[in-house]
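The following note is offered to a colleague who is meeting this structure for the first time. Please read the numbered points with the display at hand.

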Amino acid sequence: MENITASEIAGLGVGTFLLCATIAAPKVDSFISSSQRSSLKMCNRCGDVKLIACKKCKGSGAVKPGGLFGLSNPMEDLFPGRFESNEGSISCVNCGAKGHFPCPQCYQSSSSSSEQ
Ligand SMILES: [Zn+2]
Ligand SMILES: [Zn+2]
């Protein structure tokens, strides 16, 4: 323990802060954008894009074999895309390799006026 210098401790603190900021930023961003969307009367789920990105493959349409069994790399959740490679990835069965679904909220509101 006596080998740890003050600058190393400071570096550790900065690293932890940056990690926390990286995790918190998307949540804050999604909160702001969702409140903006509702104020603009846009769909708060897809932002009137009518599509929702597949959570399983994160919109890429392909998943790593390990991901199917819930054994995805936790670092991949923190830094999506950083560890991605096409090697060994297979088509996502959750979305049919499209990477997105039609927005259920928009689908519901558009079909509610029709017979179906
Ligand atoms: Zn998918
Ligand atoms: Zn929508």
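1. The largest nonpolar core consists of 5 residues, namely Cys54, Cys57, Val63, Cys92 and Cys95. The model is a predicted one. As general background, nonpolar side chains in soluble globular proteins tend to be buried together.

2. Cys95, one of the members of that core, deserves separate attention. Leaving aside residues up to four places away in sequence, Cys95 touches Cys54, Lys56, Cys57, Gly61, His100 and Phe101. Cys54 and Cys57 from this list also belong to the core.

3. Asn94 is placed in the loop between strand 3 (90-91) and strand 4 (100-102). Is Asn94 buried or exposed? Asn94 counts as partly exposed because it has 16 C-beta neighbours inside 10 Å, whereas a buried residue would need 20 or more and an exposed one 12 or fewer.

4. The contacts of Asn94, again without residues up to four places away in sequence, are Cys54, Lys56 and Cys57. As for Lys55, its C-alpha atom is separated from that of Asn94 by 8.8 Å, and the two residues are 39 apart along the chain.

5. For the chain as a whole, there are 3 helices and 4 strands. Their order along the sequence is α-β-β-α-β-β-α.

6. The protein chain has 116 residues, of which 4% count as buried. Among its contacts between residues at least 6 apart in sequence, 74% join residues at least 24 apart.

Key:
Residues are numbered from 1 along each chain as its sequence is written. Chains are lettered from A and ligands numbered from 1 in the order in which they are written. This is a predicted model: local features need pLDDT of at least 70, side-chain atom pairs count only at pLDDT 80 or more; totals for chains, interfaces and linings use all residues. Helices (H or I, at least four residues) and strands (E, at least two) are DSSP runs, numbered from the N terminus. Two residues are in contact if their C-beta atoms, placed from the backbone, lie within 7 Å. A nonpolar core is a set of buried Ala, Val, Leu, Ile, Met, Phe, Trp, Tyr and Cys residues joined through C-beta atoms within 7 Å.
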